[in-house]
Amino acid sequence: MKRMTLLNVRDMLAELLGTQQVYAGGLDGSTESCMGVFELKGGTRRLCIGGEEYTKTLEKRVTVIVHHTDAPSAAEARAEEVYEAFAAVRRRRTGDFTVAYIHPAEPINLGRDERGICEYAVEAAIYYERNE
């Protein structure tokens with residue numbers, strides 16, 4: 001059964017925010033502003049009795065790392081944009097899936113990287129269905 005991948009999430013986030021500086025599974029640390037989508041560790045898959053083919057709504061848990069400028073207020077504002085974009089999603093068709101909704105957590109300040117660029121994390125649970 002087809003499941004949502006980090007590439008699917010990356011493409012959706014890039015479209016929601018109108019940027020191409022979104023990566024799946026990594027960050028481009030040489031740039032001053034980009035985002036990376038990573039698997040959120042932990043949790044278990046919830047399946048209906050009978051297996052995945054009988055499970056209508058699936059869940060994808062991700063962390064978005066927002067790597068944005070050396071100005072803390074600008075980085076926080078960009079992280080809030082990610083939060084708000086995710087929170088506004090309702091019944092959005094994206095590729096082979098329809099995202100019912102996304103439940104994001106408040107952005108978390110991660111401090112600065114070795115180059116002094118501010119970073120934030122936005123964790124989210126994406127609830128979706130496969131398009132038939």
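**View 1. Thr69 sits in the loop between β3 and α2.** This predicted model gives Thr69 a positive phi of about 50°. Thr69 is not a glycine. Is Thr69 buried or exposed? Its relative accessibility is 14%, so Thr69 counts as buried; the cut-off for buried is under 20%.

**View 2. Arg78 belongs to helix α2.** Helix α2 covers residues 72-87. The relative accessibility of Arg78 is 15%, so this arginine counts as buried. Which residues does Arg78 touch, leaving out those up to four places away in sequence? They are Leu17, Thr19, Met35, Val66 and His68.

**View 3. Leu13 and Val82 touch the most other members of the largest nonpolar core.** This core has 29 residues. Which elements give two or more residues to the core? They are helices α1 (6-17) and α2 (72-87), with strands β2 (33-39), β3 (58-68), β5 and β7. Now look around Val82. Beyond residues up to four places away in sequence, Val82 touches Leu13, Leu17 and Met35. Val82 also touches Val64, Val66 and Val122. A general tendency fits this view: in soluble globular proteins, nonpolar side chains tend to be buried together.

**View 4. Arg10 is part of helix α1.** Its relative accessibility is 25%, so Arg10 counts as partly exposed. The side chains of Arg10 and Asp11 are joined by a polar contact of 2.8 Å. Tyr23 is 13 residues from Arg10 along the chain. The C-alpha atoms of Arg10 and Tyr23 are separated by 6.3 Å. Arg10 touches Tyr23, and it also touches Val22, Ala24 and Val37, with residues up to four places away in sequence not counted.

**View 5. Thr31 lies in the loop between β1 and β2.** Strand β1 covers residues 22-24, and strand β2 covers residues 33-39. Which backbone oxygen does the side chain of Thr31 reach? The partner is the backbone oxygen of Asp28, at 2.9 Å. Thr31 also has contacts elsewhere in the sequence. Leaving out residues up to four places away, Thr31 touches Gln21, His67 and Arg115.

**View 6. Strands β4 and β5 form a hairpin.** Strand β4 covers residues 90-94, and strand β5 covers residues 97-104. The two strands run antiparallel. How many bridges join β4 to β5? There are four. Follow the facing residues. Arg90 stands opposite Tyr101, and Arg92 stands opposite Val99. Two residues lie between the strands. In this hairpin, Gly95 takes a positive phi near 60°. Arg91, within strand β4, also has a positive phi. The value for Arg91 is near 50°, and Arg91 is a residue other than glycine.

**View 7. Strand β5 also pairs with strand β7.** Strand β7 covers residues 118-130. Seven bridges join β5 to β7, and these strands run antiparallel. Where does Pro104 of β5 find its opposite residue? Pro104 stands opposite Ala124 in β7. Strand β5 is mostly covered. Six of its eight residues are buried. Both β5 and β7 give two or more residues to the largest nonpolar core.

**View 8. The protein chain has two helices and seven strands.** This last view pulls back from the close-ups. In what order do the elements run from the N terminus? The order is α-β-β-β-α-β-β-β-β. Along its principal axes, the C-alpha trace spans about 50 × 30 × 25 Å. The radius of gyration is 15 Å. A compact globule of 132 residues would have a value near 14 Å, so the chain agrees with that expectation. Of the 132 residues, 45% count as buried. The chain exposes about 7300 Å². Carbon and sulfur atoms supply 48% of that area. Many contacts link residues far along the sequence: among those between residues at least 6 apart, 63% join residues at least 24 apart.

How values were computed: Residues numbered from 1 in each chain as written. Predicted model: local features only at pLDDT ≥ 70, side-chain atom pairs only at ≥ 80, totals over all residues. Heavy atoms only, no water. Buried < 20%, exposed > 50% of the residue type's maximum accessible area, 1.4 Å probe, protein only. Pairing = 2+ DSSP bridges. Core = buried A, V, L, I, M, F, W, Y, C linked by side-chain atoms within 4.5 Å. Contact = heavy atoms within 4.5 Å. Rg over C-alpha atoms; globule rule 2.2 N^0.38 Å. Areas by Shrake-Rupley, 256 points an atom, 1.4 Å probe, with all protein chains shown as cover. Polar contact = N/O pair within 3.5 Å; in protein donor to acceptor, adjacent residues only side chain to side chain.
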